[in-house]
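The following paragraphs lead through a structure, one chain at a time. Keep the sequence and the 3D view open while reading.

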Amino acid sequence: MIEDKISGVVITFFSTASAVGKTLISINMAAELARQGYRVCLADFDLQFGDVANYLQMQGSTTVYNAGQRLAENSDYPLEELASVCTYNDVSFGVLAAPEELSQAYNFTADTAERIVNRLRMHYDYVIIDTTSMFSVLNLTLLDLSTIITFLGVVDFIPTIKNMKIGNETLQSLNYDANKIRLVLNRSDSATQLSIREVEEKTLGSSFYHVLSNDFHAANESVQTGIPLVLRKNNNQLTKDLRQLVALYTNHTYQEDADFDEPTRKSGGWFSKLFS
Amino acid sequence: MLYNVLIVERNRLYLEKMAAVIQSLPGFELAARFQEPLEALGQGKVFKPNLILLDIDMDDASSLVKDFTEEFPKASIVCTGEKWQGDSASHFVKAGARGYLIKPFTANEFKSAIESFAKSGMESASQVLTFFSPKGKSGKTTLVASLALALARTTGEQVGVIDADLQFCDMGLFFNLDPASTIVEAVRDINFLSPISLASYFCEVEPNLRVLCGTRNPSLIDRVDIPSFEALIKMSRSLFRYVLIDVPSGFCPTSIAAAEMSDTTYLMTMLSGTYELQHLSRAREMFQDWEDIDERLKVVITRVSPCSEKERQRLSNDLGYSVEAIIPNEYKLVSEAANAGRIALDVGGASLFSLAVGRLAESISLHHHWEAP
């Protein structure tokens, strides 16, 4: 019975610009949390053109549409039994992909998304959500539900910065607790003439919570192979930055020399320890 | 909104009657009257008319309409005839006329006819082009801004841009504009507007290029309702020869409405080495219901390197459908221009980017030849 009261952490990746790395980072966040032994599900709410299943090379996975249908039939349906599982090197996490058909995506309601996330967080320690870059009814619902919103930005060119500013202000206007929103900068050393400090001071009014290095090659290779960066051996800077971000979220100290090949896997995650 | 009316009428009796009707109506002012079309063409400009009543009961009427639209690009031309000429009417409209009135007419008939032409327009020769992308970051806004400028300069015709990317509209930024009114106000007021008054909601970039900017704040998204948005597109047809619409990415009521109202929809994506071509094909499938899909839906791919005809053909072959245009990878040029509030077309001289945009402008306007800046 007590299981019913458990509510896993929901981390949503949001941005006001496309192609800022939401999908890649949410995949790695899910994989890294799973590597640490948590029960994790990654749900793709970029409904029309979501890339989670593509980037993991898990085309044909169970979709959020399938999950919504099951819950419509039975609101207690254990979605963990339905979700596809991404496994690599003994690390696994659940995946709910974006709908197969565009019509399923177009008619998907925010209520359905809310039911799915609330059901998922009853089982999983962490629910990771990928979104589209807009303030839609669906996204606002997901943002409300979230424990943490990772607002991802890139310092690219002026229109992107303007939209990051508008997005940040809009998020502020939703009156979330200040530490619910984490500003994360991706591709920090990409070719740009704009100063990051200037963006922080003049545009966002606060500094970035975390900064991820630019490593187009590693990111692209991860997409081509379908293997999350944090589950591979080569420890490049981007991978380290991603692990550090997860460490910040889990209040763990990230250790450079963490034994990578043997994941420190706790059986069932900390919820089961607490309540067993 | 004041109509400044110029009358061209060979029949002296009709001319006097029409002048009296105009003078009796509040909101209408008689700018000038001519019995000879050639005199009106030569001298009419000094009166700055925004509405011209043109007698078309003559043999060379079609070419006359064309001459007047060219000479008075900012004015609406309404043809007047003694009887309805169904066959010729569409010729007149194609030549640029806004409407057709039967002579003689009373003040009330005239007023309601002008209002109805103003609101719905008649079918016109304008081209509405919508730029659609499955996901964001397609290079859409950059292309629309540069293409609008290229069309305006090569054709000399009226070009309008509507920024309907309701959340994060960048068109104002690209053109370095500080709009007094946006699409939100235009859509709100559309039922009270005529084409002539709608023009004032657009910001002038160049004498023949105007931009209707998007919302300033994403929370305003709910204020643009679709029937009014459709009315806005329809009315814009009578203001501009080319209307370019930038829509939000993905399928949403706004992007679907704009595509349905358009003569041509450009389906766009940017090459980034991941799954963008799959998304492109998946989005294209949604348009399969259009019987004339090959004419109405054209594919544009950006950041293509090398940007050659061979590469365009290769992409067409791989995709299994024709790629209309490819735009080169000129990230530095494009971002420097945007950072400086300038249009990429105007930066970097005869860049590969401006050549590719110019070619696309040529294919849209057919006759006009593009010369790089």
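Two strands pair if DSSP finds at least two bridges between them. With that in mind, strand S7 (residues 159–163) and strand S9 (residues 209–212) of chain B are a pair: they run parallel and are joined by 4 bridges. Within this pairing, B:Ile162 has B:Leu212 in S9(B) as its bridge partner. The model is a predicted one, and what follows describes that prediction.

These two strands belong to a wider arrangement in chain B. It is an open sheet of 8 strands with mixed pairing, in the order S8-S9-S7-S10-S6-S11-S12-S13. Which strands stand at the edges of the sheet? They are strand S8 (203–206) and strand S13 (323–328) of chain B; each has a single partner strand, so one side of each is left without a neighbour in the sheet. On average, and with direction ignored, neighbouring strands of this sheet are turned by 25° against each other.

Helices pack on the sheet of chain B. Helix H14 (residues 309–319) of chain B touches strand S12 (297–304) and S13 of chain B, and its direction makes about 130° with that of S13(B). Helix H16 (residues 352–365) of chain B also packs on the sheet, where it touches strand S6 (127–132) and S13 of chain B. The direction of H16(B) makes about 155° with that of S13(B).

Stepping back to the whole of chain B, the chain is divided into domain 1 (3–120) and domain 2 (127–365). Taken over C-alpha atoms, the centres of domain 1 of chain B and domain 2 of chain B are separated by 33 Å.

Some backbone details of chain B come next. Most residues other than glycine have a negative phi, and most peptide bonds are trans. Where do cis peptide bonds occur in chain B? One joins B:Lys103 and B:Pro104, with omega about -10°. B:Pro104 lies in the loop between strand S5 (99–102) and helix H5 (107–120) of chain B. Another cis peptide bond runs from B:Ser305 to B:Pro306, with omega near -5°. B:Pro306 is placed in the loop between S12 and H14 of chain B, and H14(B) is a helix already met as packing on the sheet.

Now turn to chain A. Here too 8 strands form an open sheet with mixed pairing, and the order is S3-S4-S2-S5-S1-S6-S7-S8. At the edges stand strand S3 (84–88) and strand S8 (210–211) of chain A, each with a single partner strand, so one side of each is left without a neighbour in the sheet.

At one edge, S3(A) pairs with strand S4 (residues 91–96) of chain A in the antiparallel sense over 5 bridges. A:Thr87 stands opposite A:Ser92 in S4(A). S3(A) and S4(A) form a hairpin with 2 residues between them, and A:Asn89 in the turn has a positive phi of about 50°. A positive phi is also found at A:Ala19, a residue other than glycine, where the value is near 55°. A:Ala19 lies in the loop between S1 and helix H1 (22–35) of chain A.

Elsewhere in the sheet of chain A, strand S6 (residues 148–153) and strand S7 (residues 181–185) pair in the parallel sense over 5 bridges. The bridge partner of A:Ile149 in S7(A) is A:Ile181. Helix H6 (residues 110–120) of chain A lies across strand S1 (9–14), strand S2 (40–44) and strand S5 (126–130) of chain A, and runs at about 170° to S2(A).

Helices of chain A also meet each other. The axes of helix H8 (residues 158–173) and helix H9 (residues 196–204) of chain A come within 10 Å and cross at roughly 45°. That angle makes H8(A) oblique to H9(A), and the crossing is right-handed. From H8(A), A:Ile161, A:Met164, A:Lys165 and A:Asn168 meet A:Val199, A:Thr203 and A:Leu204 in H9(A). By class, this contact has 4 nonpolar, 2 polar and 1 charged residues.

H8(A) also leads to the place where the chains meet. In that contact, 24 residues of chain A touch 25 residues of chain B. Helix H5 (102–106), H8 and helix H10 (216–225) of chain A each supply at least two residues of the side of chain A that touches chain B. Which helix gives the largest share of that side? H8(A) does, with 6 residues. The residues of this side of chain A divide into 12 nonpolar, 10 polar and 2 charged.

Key. Residues are numbered from 1 along each chain as its sequence is written. Chains are lettered from A and ligands numbered from 1 in the order in which they are written. This is a predicted model: local features need pLDDT of at least 70, side-chain atom pairs count only at pLDDT 80 or more; totals for chains, interfaces and linings use all residues. Domain bounds come from an automatic or database domain assignment. Axes are lines fitted to C-alpha atoms, for helices over the stretch in contact, and angles run from 0 to 180 degrees between N-to-C directions. Two residues are in contact if their C-beta atoms, placed from the backbone, lie within 7 Å. Angles under 35 degrees count as roughly parallel, over 145 as roughly antiparallel, 65 to 115 as roughly perpendicular and the rest as oblique. A crossing is left-handed if the near helix is turned anticlockwise from the far one by less than a right angle, and right-handed if clockwise. Ala, Val, Leu, Ile, Met, Phe, Trp, Tyr, Cys and Pro count as nonpolar, Asp, Glu, Lys and Arg as charged, and the others, Gly among them, as polar.
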